[in-house]
Structures are given as structure tokens and as C-alpha cells.
Amino acid sequence: MYSVVGCSACSNLWIVDGNPETTQCSRCGKRKKFRKLKKFVETEDEDQAREIRASMIANRQGHGDAFAELDSFAEMNAQIDHAGMDDEEYLDRSGIDTEEVSAVEERSRRGTTSKDKKQIVLDALEKLDRPEEKAVVAYASERGVSREYVEKSLQKLVRRGEVSESQGRYRRL
């Protein structure tokens with residue numbers, strides 16, 4: 001249930017969803033008990049509540065006739081998809097190669113952060129049956145982590161004592 005209510009302090013009109021204990025005026029900030037507010041309209045349709053509120057404001061400001069000539073909110077929302085240009089057309093007209101933008105976007109989605117990279121190396125050590133450097137590098141490279149990062153990471157983990165290395169195999173401690 002949507003209610004169009006008014007503030008007795010500043011005459012602001014707003015829409016309240018449901019039946020809350022209290023509501024606050026979006027203009028002056030006064031908090032009022034919902035049941036004591038004047039409810040101009042109560043409806044199940046949010047668009048209808050928006051229409052009525054907008055009509056009341058337009059009438060109050062002397063623009064009721066102009067408002068009456070406008071389409072409904074639902075009709076205007078439907079027209080939004082056909083108005084203007086989409087992102088791809090905008091970029092094309094700006095001289096930007098949209099295919100290159102898409103490629104960069106895809107690369108950034110596949111990219112990983114430093115913390116993710118370390119976790120991928122640690123996951124490899126836990127999940128692989130024989131976590132030798134070559135296998136860890138292969139596991140990590142499938143997930144977008146470079147060989148250089150894996151090698152440095154394994155060295156750091158061994159130095160810190162988080163991982164041990166024996167005869168080419170790594171084991172988490």
C-alpha cells in the first residue's frame with residue numbers, strides 16, 4: 001500500500017510505502033506518527049501514487065494544465081529505452097573503439113588482485129596431489145597468475161615458514 005501524505009510543518013508531499021509506525025518528512029526532517037498524518041491517497045500501485053503526488057504539486061504551483069498534457073510515469077519509463085543513444089553508440093560517436101573497450105573490460109574481469117594471487121598459490125598447494133613448482137605454476141596460470149609471481153611467492157612463503165620445500169615439492173605448514 002502506497003500513501004501520499006503531507007507534512008503539517010512545511011507542506012511537503014511524499015509517498016510512504018506500507019504502514020510504518022513513524023515517517024520522516026524528506027524536506028524539513030520532522031518525524032511524525034504515520035497514523036496521524038493526512039493521507040491524500042492510498043493505493044496499491046506505486047506509479048499511481050507518484051502520478052497523484054506529482055499532479056498535486058503541479059496544481060499547487062499553478063501548472064496543473066501543463067502536467068495534464070504529460071504522459072503517465074509508466075509511459076515515460078517505457079519511452080526511456082528509446083530515447084537518446086546507448087553506451088556503444090556514444091563511444092563510437094566519440095571516436096572510441098568499442099571492441100577494444102570490450103576487450104579491456106574482459107581482461108579486467110579476469111584479472112586478479114595481489115591477495116587473490118597469493119590465495120591461488122596457496123590453493124594450488126592444498127589441492128594438488130604433488131605440488132611441485134611446475135604443477136603450481138600450471139594451476140596458477142590457468143587462473144591468470146604469472147609464472148614470475150608464483151616463483152617469487154613460493155620463495156617468500158618458504159622464507160616466512162608458511163610452506164616447506166623438500167626435493168622440489170611444496171607443503172603448507
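In this predicted model, helix α7 passes helix α8 in a right-handed crossing. Two packed helices are described by the angle between their axes and by the distance between those axes. Here, α7 and α8 pack at an angle of about 130°, and their axes lie 9 Å apart. An angle of this kind makes α7 oblique to α8, because it falls outside the ranges counted as roughly parallel, roughly perpendicular or roughly antiparallel, the last of which begins over 145 degrees.

A look at the side of each helix that takes part helps to fill in the picture. From α7, the residues in contact are Glu 133, Val 136, Val 137 and Ala 140, and they meet Arg 147, Val 150, Glu 151 and Leu 154 in α8. Sorted by class, this contact has 5 nonpolar and 3 charged residues, with no polar ones.

The two helices also share in something wider. The largest nonpolar core of the model has 15 residues, and those with the most contacts inside it are Val 121, Leu 125, Val 136, Val 150 and Leu 154. Three elements give two or more residues to this core: α6 (114-127), α7 (133-141) and α8 (147-160). Of these, α6 gives the most, with 5 residues. Some names now return: Val 136 of α7 and both Val 150 and Leu 154 of α8 take part in the helix contact, and these residues are also among those with the most contacts inside the core.

Leu 125 is a good residue to follow by eye. Leaving aside residues up to four places away in sequence, Leu 125 touches Pro 131, Val 136, Leu 154, Val 163 and Tyr 170. A second, separate core has 7 residues, and Val 5, Trp 14, Cys 25 and Leu 37 are included in it.

Attention turns next to the backbone in two loops. Most residues other than glycine have a negative phi. Ser 11 has a positive value instead, with phi near 70°. This serine lies in the loop between β1 (2-6) and β2 (13-17), and is partly exposed, with a relative accessible area of 42%. Gln 167 is likewise not a glycine, and has a positive phi of about 55°. Its place is the loop between β6 (163-166) and β7 (169-172). Gln 167 counts as exposed because its relative accessibility is 79%, and the cut-off for that class is over 50%.

Definitions and conventions: Residues numbered from 1 in each chain as written. Predicted model: local features only at pLDDT ≥ 70, side-chain atom pairs only at ≥ 80, totals over all residues. Heavy atoms only, no water. Core = buried A, V, L, I, M, F, W, Y, C linked by side-chain atoms within 4.5 Å. Buried < 20%, exposed > 50% of the residue type's maximum accessible area, 1.4 Å probe, protein only. Helix = DSSP H or I, 4+ residues; strand = E, 2+ residues; numbered from the N terminus. Contact = heavy atoms within 4.5 Å. Axes fitted to C-alpha atoms, helices over the stretch in contact; angles between N-to-C directions. Parallel < 35°, antiparallel > 145°, perpendicular 65-115°, else oblique. Left-handed = near helix turned anticlockwise from the far one by under 90°. Nonpolar A, V, L, I, M, F, W, Y, C, P; charged D, E, K, R; others polar.
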